[in-house]
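Reader: I am in my first year, and I would like a close look at one part of a model, namely the pairs of charged side chains. Please take it slowly, and show me afterwards what lies around them.

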Amino acid sequence: MNELRRGIRASAAGALARTGPDTVSRRYRFAPGFIGFSGHFPGNPILPAIVQVCAVISLAEEEGGKALRLAAVRSAKFLSPIRPDEEVSIRYRRRVVSGEDICDATLSVAGKTSAVFQLRLAEEAPL
C-alpha cells in the first residue's frame, strides 16, 4: 500500500489548491507505468475504483497532515474510465455530520465527471 501511496503522490501534476473553506483540489496524471494500472486490465488499462478512492484519501491526508483510513464508502458512481496519461482533477469537500468525517469527492477528466463518491474517513490509529 505504501508503494501505491507513493505512486499516487508522485502522479500529482499540480499544487494542492484550496477552492473553498472545506474544498480542496489537485490535478494528477497517472503514467502508463503507474503501479495502480498493474493488471487492470492488460492491454486496456483503466484506473481501478479503489485507486481513485485511495487518491482522494491521499489528498485528504496531505491537506490535513494526518494519516486517514477509509471507514466506509457511503455512495459511489463511476461514470467513465480513467486511462493512463489523462489529466485527472480530483476535488473533495470534507465536513462533519453527526460526528462522522464525510468526504464528497469528484474526479473529472477534460471537464467531464468520471466518478463521484462519498466516503466516511477516520484518523488512522497509531501503532
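How many salt bridges does the count come to by the rule you use?

Author: This is a predicted model, in which local features need pLDDT of at least 70 and side-chain atom pairs count only at pLDDT 80 or more, while totals for chains, interfaces and linings use all residues. Residues are numbered from 1 along each chain as its sequence is written, and side-chain values use heavy atoms, with hydrogens and water left out.

The rule calls it a salt bridge when a side-chain nitrogen of Lys or Arg is within 4 Å of a carboxyl oxygen of Asp or Glu, and by this rule the count comes to twelve salt bridges. To place them, we need the helices (H or I, at least four residues) and strands (E, at least two), which are DSSP runs numbered from the N terminus. We also need words for accessibility: buried means under 20% relative accessible area, exposed means over 50%, and partly exposed is in between, with a 1.4 Å probe and protein chains only.

Let us begin with Glu87 and Arg27, which form a salt bridge whose closest N and O atoms are 3.3 Å apart. This pair links distant parts of the chain, since Glu87 is in strand β4 (residues 87-97) and Arg27 is in strand β2 (residues 23-29), 60 residues apart. Glu87 counts as partly exposed because its relative accessibility is 33%, and Arg27 counts as partly exposed at 37%.

A second example joins Arg120 to Glu100, whose side chains meet in a salt bridge at 3.7 Å, N to O. Here too the pair links distant parts of the chain, with Arg120 in strand β6 (residues 112-123) and Glu100 in strand β5 (residues 100-109), 20 residues apart. Arg120 is partly exposed at 26% relative accessibility, and Glu100 is partly exposed at 29%.

Asp101 is also in strand β5, and Asp101 forms a salt bridge with Arg94, the closest N and O atoms being 2.2 Å apart. With a relative accessible area of 17%, Asp101 is buried. Contact means heavy atoms within 4.5 Å, and, not counting residues up to four places away in sequence, Asp101 touches Arg94, Arg95, Leu119, Arg120 and Leu121.

Salt bridges can also join into a network, as they do for Arg5, Arg9 and Glu61. Two of these names, Arg5 and Arg9, return in the contact of helix α1 with helix α2, where Glu61 is on the α2 side. Axes are lines fitted to C-alpha atoms, for helices over the stretch in contact, and angles run from 0 to 180 degrees between N-to-C directions. The axes of α1 (residues 2-10) and α2 (residues 49-64) come within 10 Å and cross at roughly 75°. Angles under 35 degrees count as roughly parallel, over 145 as roughly antiparallel, 65 to 115 as roughly perpendicular and the rest as oblique, and α1 and α2 are therefore roughly perpendicular to each other. The full contact is made by Leu4, Arg5, Ile8 and Arg9 of α1 together with Val51, Cys54, Ala55, Ser58, Glu61 and Glu62 of α2.

Turning from charged side chains to a nonpolar one, Ile82 is found in the loop between β3 and β4, and Ile82 counts as buried because its relative accessibility is 1%. Leaving out residues up to four places away in sequence, Ile82 touches Phe37, Pro45, Ile46, Leu47, Gln52, Val88, Leu107, Val109 and Ser114.

Two other loop residues share an unusual backbone feature worth finding on the model. Ser98, in the loop between β4 and β5, has a phi near 50°, a positive value in a residue other than glycine, and Ser98 is exposed, with a relative accessible area of 77%. Ala110 lies in the loop between β5 and β6, where its phi is likewise near 50° and positive in a residue other than glycine, and Ala110 counts as exposed at 81% relative accessibility.

As a last stop in the loops, a cis peptide bond joins His40 and Phe41, with omega about -5°, and Phe41 lies in the loop between β2 and α2.
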